[in-house]
Amino acid sequence: MSMIRIPPWPTVNDILRMYNIRAQKKLSQNFIMDPKLLNRIAKRCGDLENKHVVEVGPGPGGITRAILGQGAVRCAVIEKDPRFIESLEYLNHMCGHRMDIHMGDVLSFNMEKLFPDYLRKDWEGEVPDIRVVGNLPFNVSTPLIVKWMQAIAERRNIFSYGRVPLVLTFQHEVAQRIIAPPLDVERSRLSVICQNYARCEYEFMIDPGAFVPKPEVHVGVVSIKPLLKPYIDLPFPLVNKVVTFVFRGKQKYVSKSLGQLFPTRLEKYMGPKVADLAGIDNKRKAISLTMEELNRICHAYKHIIDKNPSLAKYTRNVTEDLNEDLVYSAPETEEKMLEQGQQGG
């Protein structure tokens, strides 16, 4: 891969001094200073020659320069902090105006029209020439990745272009949860939601000393590649709801956790009913469940709410337990294993 030389310009540390910028705690800002480390992060995106790249939270432009230096034809940056506009405009000038600078909050930023339509690919086709990279602020990383998993499920936002890969930083503990397999103590709702829609790999760890200011935790770099088809191929809100309740007590018996999907007067009956329909032992624990077993549980819950639509409206601690509205009528036949769940596993 050829490297594109960007004319000499101030280091990240110089930029921070030149523009009198200090990291803001309220924005969870921690800047990476080492050029070699910045290049290493960008390289985890693969060959960037002639690629279009989205960078989330570029700050003073350290990773941005690495992206451009590795041959990206276009780099769209999304920055919330207006203090960085001047330094990013300076970098844009130095790189031959290959940047698009957008001010906004990535949690609400819609990237569906960020690049030309010719870059769009069919979901089942090849991966588009687009990458997403970001040194994420700790306070937005988890809600952002869940939002993007829903966007993958619904093929919205940047994923309207196809199966766009991502390389992102997280607190080490969050990165561990994202990749945790069944039986791992870090296995959680986040593990299942991410792994249902993408192949997630822990690339490498960054020592706190690499950042300014120095955080109290290590940081993990994670690559995320959308799957052709999710393990649990059901609407995201349903999957998220079921998985959330299953892992509310990940060391409790799964039948007890599943019961919380239903009104309090029905939970002792309905929790075991869902597990029974899915062919899951009532005494199994959430962290032991495989993706195939969680698929069966989600289909079992869907089977029940399809037969009893009023139950679909219920969410514990949100919906009031109204006796006249929330009822359960057992279908005439309920198979131990739902055929649809078996096919999707």
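A crossing of two helices counts as right-handed if the near helix is turned clockwise from the far one by less than a right angle, and as left-handed if the turn is anticlockwise. With that convention in hand, the predicted model described here offers a helix pair to try it on: α7 passes α8 in a right-handed crossing. Helix α7 covers residues 189-197 and helix α8 covers residues 236-246. The two pack with their axes 9 Å apart, at an angle of about 150°. Angles over 145 degrees count as roughly antiparallel, so α7 is roughly antiparallel to α8. On the α7 side, the residues in contact are Arg189, Val192, Ile193, Asn196 and Tyr197, and they meet Phe236, Val239, Asn240, Val243 and Thr244 of α8. Sorted by class, this contact holds six nonpolar, three polar and one charged residues.

Helix α7 also leads to the sheet. The sheet is open and has seven strands in the order β4-β3-β2-β5-β6-β9-β7, with mixed pairing. At its edges stand β4 (99-103) and β7 (198-206); each has a single partner strand, so one side of each is left without a neighbour in the sheet. Neighbouring strands are turned by 20° against each other on average, direction ignored. Within the sheet, strand β6 (residues 166-171) and strand β9 (residues 219-226) run antiparallel and are joined by six bridges. One residue pair can be picked out here: Leu168 has Val222 in β9 as its bridge partner.

Two helices can be placed against this sheet. Helix α4 (residues 85-94) packs on it by touching β3 (74-79) and β4, and its direction makes about 165° with that of β4. Helix α7 packs on the sheet as well, touching β7 and β9, and the angle between its direction and that of β7 is about 120°.

A second helix pair is formed by α10 (residues 267-278) and α11 (residues 291-307), whose axes lie 8 Å apart at an angle of about 120°. The two helices are therefore oblique to each other. Their crossing is right-handed. Met270, Lys273, Val274, Leu277 and Ala278 of α10 meet Arg296, Ile297, Ala300, Tyr301, His303 and Ile304 of α11. By class, eight nonpolar, one polar and two charged residues make up the contact of α10 with α11.

Aromatic rings complete the picture. The count comes to three aromatic pairs. Among them is the pair of Phe115 and Tyr161, which is edge-to-face, with 6.3 Å centre to centre and 65° between the planes. This pair links distant parts of the chain, 46 residues apart: Phe115 sits in the loop between β4 and β5 (130-134), and Tyr161 in the loop between α5 (138-154) and β6.

Notes
Residues numbered from 1 in each chain as written. Predicted model: local features only at pLDDT ≥ 70, side-chain atom pairs only at ≥ 80, totals over all residues. Heavy atoms only, no water. Pairing = 2+ DSSP bridges. Helix = DSSP H or I, 4+ residues; strand = E, 2+ residues; numbered from the N terminus. Axes fitted to C-alpha atoms, helices over the stretch in contact; angles between N-to-C directions. Contact = heavy atoms within 4.5 Å. Parallel < 35°, antiparallel > 145°, perpendicular 65-115°, else oblique. Nonpolar A, V, L, I, M, F, W, Y, C, P; charged D, E, K, R; others polar. Phe/Tyr/Trp six-rings, centres within 6.5 Å; stacked < 30°, edge-to-face > 60°.
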